[in-house]
Amino acid sequence: MTTVVGLFDGFSEAQRVTQTLVAQGLRGEDITIISNREETSVGDALAAAALGVSVDGGPASRGEPAALIALGIPADAVEPYAMVLDGGGALVSVVAAEPQVDQVCELMERYTSADL
């Protein structure tokens with residue numbers, strides 16, 4: 001199993017990619033949206049939960065380095081990820097089997113903002 005993490009402009013973009021991933025056969029329970037708690041509405045979190053997707057508003061959502069490293073972010077890349085979260089962006093973390101990794105990466109690239 002491999003963890004793939006993508007950066008997105010906000011919760012809405014992260015939610016769109018998770019919907020696509022689930023539609024392509026990935027299990028919702030293997031997907032987590034990490035977003036700034038202040039930028040995430042209860043309705044958004046409930047919509048994600050309906051797909052079986054977890055929404056993390058804990059330490060990683062605040063850009064805490066140890067929590068981001070625990071998600072699989074390399075220590076030297078933590079700062080840019082934390083900045084995205086601080087700016088209202090979101091991360092999507094997907095635990096995928098090796099045969100699915102390329103598909104997950106390709107789908108995430110379709111939704112990722114070039115500005116991030």
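Exposure first: a residue is buried under 20% relative accessible area, exposed over 50%, and partly exposed in between. Keep that in mind as you click through this predicted model.

**Stop 1: Arg27 and Glu29.** Select arginine 27, which at a relative accessible area of 47% falls in the partly exposed class. Now add glutamate 29, whose 52% makes this residue exposed. The two form a salt bridge, with 3.4 Å between the closest N and O atoms.

**Stop 2: helix α1.** Move to glutamate 13 and arginine 16, a salt bridge whose closest N and O atoms lie 3.7 Å apart. The partners sit 3 residues apart in α1, about one helical turn. Arginine 16 is partly exposed at 41%, and glutamate 13 is partly exposed at 23%.

**Stop 3: helix α5, inner side.** Select residues 98–111, then highlight the buried ones: Val101, Val104, Leu107 and Met108. Their arc around the axis is only 140°, so they lie on the same side of α5. Show β1 (2–8), α1 (11–23) and β4 (90–96) to see what these buried residues pack against.

**Stop 4: helix α5, other side.** Turn the helix around to find Pro99, Asp102, Glu109 and Arg110, which are exposed. Arginine 110, at 57% relative accessibility, forms a salt bridge with glutamate 106, with the closest N and O atoms 3.3 Å apart. These partners are 4 residues apart in α5, again about one helical turn. Glutamate 106 is partly exposed at 46%.

**Last stop: a network.** Select Arg27, Glu29 and Asp30 together: salt bridges with shared partners join them into one network. Across the whole structure, the search finds 4 salt bridges.

Note on methods: Residues numbered from 1 in each chain as written. Predicted model: local features only at pLDDT ≥ 70, side-chain atom pairs only at ≥ 80, totals over all residues. Heavy atoms only, no water. Buried < 20%, exposed > 50% of the residue type's maximum accessible area, 1.4 Å probe, protein only. Helix = DSSP H or I, 4+ residues; strand = E, 2+ residues; numbered from the N terminus. Arc of directions from axis to C-beta. Contact = heavy atoms within 4.5 Å. Salt bridge = Lys/Arg side-chain N within 4 Å of Asp/Glu carboxyl O.
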